[in-house]
Amino acid sequence: MVDLESEVPPLPPRYRFRDLLLGDQGWQNDDRVQVEFYMNENTFKERLKLFFIKNQRSSLRIRLFNFSLKLLSCLLYIIRVLLENPSQGNEWSHIFWVNRSLPLWGLQVSVALISLFETILLGYLSYKGNIWEQILRIPFILEIINAVPFIISIFWPSLRNLFVP
């Protein structure tokens, strides 16, 4: 009688539970095939799409950068509110005009420009033929509402103290 255990080869290391938990870093000489991502995509837009959207590692970094940019924007807004002079009283003009120092305004404009540029770039990369679908997205509309007044205030200095949500 033939020994059945000798006929069945043991499982390769990558299928063991211990290796599933620890990963397969130690098994470089594995018989797996290394596949490169999207090698046929040669245009500049396709390379940007690979970096910003398809590649999980760089996409996560971009999203974390965007999140930190939004947090910085909120922090700058809080700082602007804390620097207001409460002795001015409650006037209706403070709804539209706020006292903002020049360095704080510069930081807010910089954050708004970077955020708007990133939103436009991601809209361009995810464009699939319908421009209205990209323009009427809620994040794009909110970015336009919040960033455009800051950008206008670069060219029209009298609007630098305009309240921007």
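## A walk through an eight-helix chain

Leu76 is found in helix α4. This is a predicted model, and Leu76 is a good place to enter it. At 5% relative accessibility, Leu76 counts as buried, because buried means under 20%. What does Leu76 touch, leaving out residues up to four places away in sequence? Its partners are Leu104, Leu107, Gln108 and Val111. Take Leu107 from that list. Leu76 and Leu107 are 31 residues apart along the chain, and their C-alpha atoms are separated by 7.9 Å.

Gln108 is another of those partners. Gln108 sits in helix α6. Its relative accessible area is 8%, so Gln108 is buried. Setting aside neighbours within four places in sequence, Gln108 is in contact with Leu76, Tyr77, Arg80, Arg100 and Phe150.

Now step back to the whole chain. How many helices and strands does the chain have? The count is eight helices and zero strands. Read from the N terminus, the elements run α-α-α-α-α-α-α-α. The chain has 165 residues, and 21% of them count as buried. Take the contacts with a separation of 6 or more: residues 24 or more positions apart account for 61% of them. The chain exposes about 13,100 Å². Carbon and sulfur atoms supply 67% of that area.

Return to helix α6, which covers residues 102-125. Further along this helix comes Glu118. Glu118 is buried yet has no salt bridge. Which side chain of opposite charge is nearest to Glu118? That is Lys70, 6.1 Å away. A salt bridge needs the nitrogen and the carboxyl oxygen within 4 Å, so this pair does not qualify. Glu118 does touch Ile62 and Asn66, not counting residues up to four places away in sequence.

Leu121 lies in helix α6 as well. At 15% relative accessibility, Leu121 counts as buried. Beyond its neighbours within four places in sequence, Leu121 is in contact with Leu48 and Phe52. Lys49 gives another view of this region. Leu121 and Lys49 are 72 residues apart in sequence, but 9.7 Å apart in space, C-alpha to C-alpha.

Lys70 deserves a second look. The structure holds one salt bridge. Which residue does Lys70 pair with? Its partner is Glu143, and the closest N and O atoms are 2.6 Å apart. Why does this pair tie together parts that are 73 residues apart in sequence? Lys70 lies in helix α4 (residues 56-82), while Glu143 lies in helix α8, so the bridge links these two parts. Are the two residues buried or exposed? Lys70 has 32% relative accessibility and counts as partly exposed. Glu143 is buried, with a relative accessible area of 9%.

Helix α8 also leads to the surface. A nonpolar patch of about 870 Å² is made there by Tyr127, Ile131, Trp132, Ile135, Leu136, Ile138, Ile141, Leu142 and Ile145. Two elements give two or more residues to the patch: α7 (131-135) and α8 (138-155). Which element gives the largest share? Helix α8 does, with four residues.

Leu142 is one of the patch residues. Leu142 has its place in helix α8. Its relative accessible area is 46%, so Leu142 is partly exposed. Patches take residues with over 30% relative accessible area, so Leu142 passes that cut-off.

One more layer comes from a record. An unreviewed UniProt entry lists residues 64-83, 103-127 and 139-159 under "transmembrane region". How do the listed spans look in the model? Residues 64-83 are 95% helix and 0% strand. The end C-alpha atoms of this span lie 28 Å apart. Over residues 103-127 the chain is 92% helix and 0% strand. Here the end C-alpha atoms are 36 Å apart.

To retrace the route, begin again at Leu76, buried at 5% relative accessibility. Move to Gln108, which Leu76 touches. Follow helix α6 to Glu118, which has no salt bridge. Then cross to Lys70 and its salt bridge with Glu143. End at the nonpolar surface patch, where α8 gives the largest share.

Terms used. Residues numbered from 1 in each chain as written. Predicted model: local features only at pLDDT ≥ 70, side-chain atom pairs only at ≥ 80, totals over all residues. Heavy atoms only, no water. Patch = residues over 30% accessible without salt bridge, like charges linked within 9 Å, V, L, I, M, F, W, Y side chains within 5 Å. Areas by Shrake-Rupley, 256 points an atom, 1.4 Å probe, with all protein chains shown as cover. Buried < 20%, exposed > 50% of the residue type's maximum accessible area, 1.4 Å probe, protein only. UniProt positions renumbered as here; feature names shortened; annotations may be inferred. Contact = heavy atoms within 4.5 Å. Lys, Arg positive; Asp, Glu negative; His and termini not counted.
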